[in-house]
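Here's a quick briefing on a small set of topics, from the overall build down to single residues. Take a look at the picture first, then read on.

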Amino acid sequence: HEYPFSRWPPYVTGAMVLLSQDVVQDVYVAMHYVPLFRFVDIYLSIIARKLGISPVHNRQFAFYHVPYTQPR
């Protein structure tokens, strides 16, 4: 009942989101017109969709364990 559609819009999963200053300002304004939603990543994707912004995955950001070797 909180979300009227059968699928979420494209979203970036939690933890790390990188936004430019102009997008941060647009998101801030849009947040005043979009009702809060319990999942922050989905909420941001709803706002992004309304602003015409498509999320882009960057493989350098991971929320799971990535093997790491220390440089010599």
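Is S54 buried or exposed? S54 is exposed: its relative accessible area is 61%, and anything over 50% counts as exposed. Keep in mind that this is a predicted model. With that in place, let's go from the whole chain to its parts.

**The whole chain**

- The protein chain has 2 helices and 0 strands.
- Its radius of gyration is 15 Å, while the globule rule gives 11 Å for 72 residues, so the chain is more spread out than a compact globule.
- If you lay the C-alpha trace along its principal axes, the spans come to about 50 × 30 × 20 Å.
- Of the 72 residues, 18% count as buried.
- Take the contacts with a separation of 6 or more: 67% of them involve residues 24 or more positions apart.

**Surface and charge**

- About 6800 Å² of the protein chain is exposed, and carbon and sulfur atoms supply 58% of that area.
- On the charge side, you'll find 6 positive and 4 negative side chains.
- The centres of those two sets of charges lie 13 Å apart.

**Helix α2**

- Helix α2 takes in residues 40-51, which makes 12 residues.
- At 1.5 Å a residue, α2 should span 16 Å, and its end C-alpha atoms are indeed 16 Å apart, so the two values agree.
- Which residues of α2 are buried? They are I42, Y43, S45, I46, I47 and A48.
- What do those buried residues pack against? Their partner is α1, residues 21-31.
- As a bit of background, an α-helix has 3.6 residues a turn, so residues three or four places apart point the same way.
- Right after α2 comes G52, and its phi is positive, near 75 degrees.

**Two residues in α2: S45 and V40**

- S45 sits in helix α2, and V40 is in helix α2 too.
- S45 has a relative accessible area of 5%, so it counts as buried, since the cut-off for buried is under 20%.
- V40 has a relative accessible area of 64%, so it counts as exposed.
- Leaving aside neighbours within four places in sequence, S45 is in contact with P9, P10 and Y11.
- V40 and H65 are 25 residues apart in sequence, and their C-alpha atoms are 22 Å apart in space.

**Before α1: P10**

- You'll find P10 in the segment before α1.
- Its relative accessible area is 47%, so P10 counts as partly exposed.
- Which residues does P10 touch, not counting those up to four places away in sequence? The answer is S45, R49 and P55.
- So the S45 contact shows up from both ends: P10 is on the list for S45, and S45 is on the list for P10, with contact meaning heavy atoms within 4.5 Å.
- P10 and G52 are 42 residues apart in sequence, with their C-alpha atoms 12 Å apart in space.

**After α2: S54**

- S54, the residue from the opening question, lies in the segment after α2.
- How far is S54 from P9, C-alpha to C-alpha? The separation is 9.4 Å, even though they are 45 residues apart along the chain.

**In α1: D22**

- D22 lies in helix α1.
- With 46% relative accessibility, D22 counts as partly exposed.
- D22 and R59 are 37 residues apart along the chain, and their C-alpha atoms are separated by 24 Å.

Methods
Residues are numbered from 1 along each chain as its sequence is written. This is a predicted model: local features need pLDDT of at least 70, side-chain atom pairs count only at pLDDT 80 or more; totals for chains, interfaces and linings use all residues. Side-chain values use heavy atoms; hydrogens and water are left out. Helices (H or I, at least four residues) and strands (E, at least two) are DSSP runs, numbered from the N terminus. The radius of gyration is taken over C-alpha atoms; the globule rule is 2.2 Å times the number of residues to the power 0.38. Buried means under 20% relative accessible area, exposed over 50%, partly exposed in between (1.4 Å probe, protein chains only). Accessible areas come from the Shrake-Rupley method with a 1.4 Å probe; for residues, only the protein chains shown count as cover. Lys and Arg count as positive and Asp and Glu as negative; His and the chain ends are not counted. The place of a charge is taken as NZ of Lys, CZ of Arg, CG of Asp or CD of Glu. The expected span of a helix is 1.5 Å times one less than its number of residues.
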